[in-house]
Amino acid sequence: MSSNLTLYTGPTSNGRPIAIFLEELGLSYDVVKMSISDADIGKVHNQVKSPWYLEINPNGRIPAITHDGSNVFETSAILLYLAAQFDKDNKFGFDPVQDAKGYSEVMQWIMFAHGGVGPMQGQASHFYMFAKERIPYAITRYLNETRRLYSVLDTRLSKHEYLAADKYTVADIKTVTWVLSSKGLDINLEEEFPSIKAWVDRITAREAFQKGMQVP
């Protein structure tokens with residue numbers, strides 16, 4: 001496949017949403033699988049700290065895209081860029097002028113995931129699963145905060161089918177991939193957060209979602 005849009009990504013909670021949204025939009029795109037392993041620095045061309053990739057994403061993380069000569073990095077920024085460029089009918093969002101309330105709801109929940117769910121759950125995963133030293137305080141702090149954030153989501157989803165204005169939007173796409181990785185933290189969605197579980201089931205049944213989850 002050859003296109004004017006390239007996705008640089010990996011199989012992570014940050015990387016998955018972009019492929020999912022591209023599939024939802026029905027776009028053609030190229031994929032470059034990136035290594036996030038520090039052991040590959042200086043050894044593997046497609047490593048996120050490689051000089052060529054830092055020209056695309058100065059933060060040296062995934063995901064990033066290139067499109068018509070422009071570089072975009074950070075999951076939320078990419079989702080919003082793709083929505084502005086390709087979702088002209090606002091199928092996955094709202095017009096900021098014609099429907100400011102709906103647009104604001106999408107932005108609020110994207111920011112909630114970007115500044116809350118992702119960072120807190122990321123820290124919980126690090127200390128719970130990967131840290132060389134087991135630090136009970138850190139584990140408790142970040143697991144508790146992740147559960148608190150999930151309780152916010154669960155309350156919202158007990159009253160709405162989707163996060164923003166009862167419509168499947170980029171806010172859901174941004175958030176759901178993090179929630180899917182909660183099994184690694186021994187969070188039982190069905191028992192602890194049933195409204196989140198029902199929301200996850202609705203989204204994961206989508207064909208485009210399933211295709212996006214297979215990338216790269």
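The exercises below treat helix packing and pockets in a predicted model.

**Exercise 1.** Find how α5 and α8 are oriented to each other, and which residues meet.

Solution. Step one takes the geometry: the axes of α5 (residues 136-157) and α8 (residues 194-204) come within 7 Å and cross at roughly 70°. Step two applies the cut-off, by which 65 to 115 degrees counts as roughly perpendicular. Helices α5 and α8 are therefore roughly perpendicular to each other. Step three lists the contact: Tyr150, Leu153, Asp154 and Leu157 of α5 meet Pro194, Ser195, Ile196 and Trp199 of α8. By class, this contact of α5 with α8 has 6 nonpolar, 1 polar and 1 charged residues.

**Exercise 2.** Do the same for α3 and α6, and give the handedness of the crossing.

Solution. Helix α3 (residues 75-86) packs against helix α6 (residues 170-180) at about 150°, with the axes 10 Å apart. That angle makes α3 roughly antiparallel to α6, since angles over 145 degrees count as such. The crossing of α3 and α6 is right-handed. On the α3 side Thr75, Ser76 and Leu79 take part, and they meet Val170, Ile173 and Lys174 in α6. The classes in this contact are 3 nonpolar, 2 polar and 1 charged.

**Exercise 3.** Describe the lining of the largest pocket by centre, helix and class.

Solution. The volume of the largest pocket is about 1100 Å³. It is lined by 29 residues, and Thr12, Asn14, Ile36, Arg61 and Trp178 are the closest to its centre. Helix α4 (100-130) gives the most to this lining, with 5 residues. By class, the lining of the largest pocket has 10 nonpolar, 13 polar and 6 charged residues.

Conventions
Residues are numbered from 1 along each chain as its sequence is written. This is a predicted model: local features need pLDDT of at least 70, side-chain atom pairs count only at pLDDT 80 or more; totals for chains, interfaces and linings use all residues. Side-chain values use heavy atoms; hydrogens and water are left out. Axes are lines fitted to C-alpha atoms, for helices over the stretch in contact, and angles run from 0 to 180 degrees between N-to-C directions. Helices (H or I, at least four residues) and strands (E, at least two) are DSSP runs, numbered from the N terminus. Angles under 35 degrees count as roughly parallel, over 145 as roughly antiparallel, 65 to 115 as roughly perpendicular and the rest as oblique. Contact means heavy atoms within 4.5 Å. Ala, Val, Leu, Ile, Met, Phe, Trp, Tyr, Cys and Pro count as nonpolar, Asp, Glu, Lys and Arg as charged, and the others, Gly among them, as polar. A crossing is left-handed if the near helix is turned anticlockwise from the far one by less than a right angle, and right-handed if clockwise. On a 1 Å grid over the protein atoms alone, a cavity is a set of points where a 1.4 Å probe fits but cannot get out, and a pocket is an open set with protein on both sides within 12 Å along at least five of seven lines; lining residues have an atom within 4 Å of a point. Grid points are joined across faces, edges and corners, and a volume is the space filled by probe spheres set on the points.
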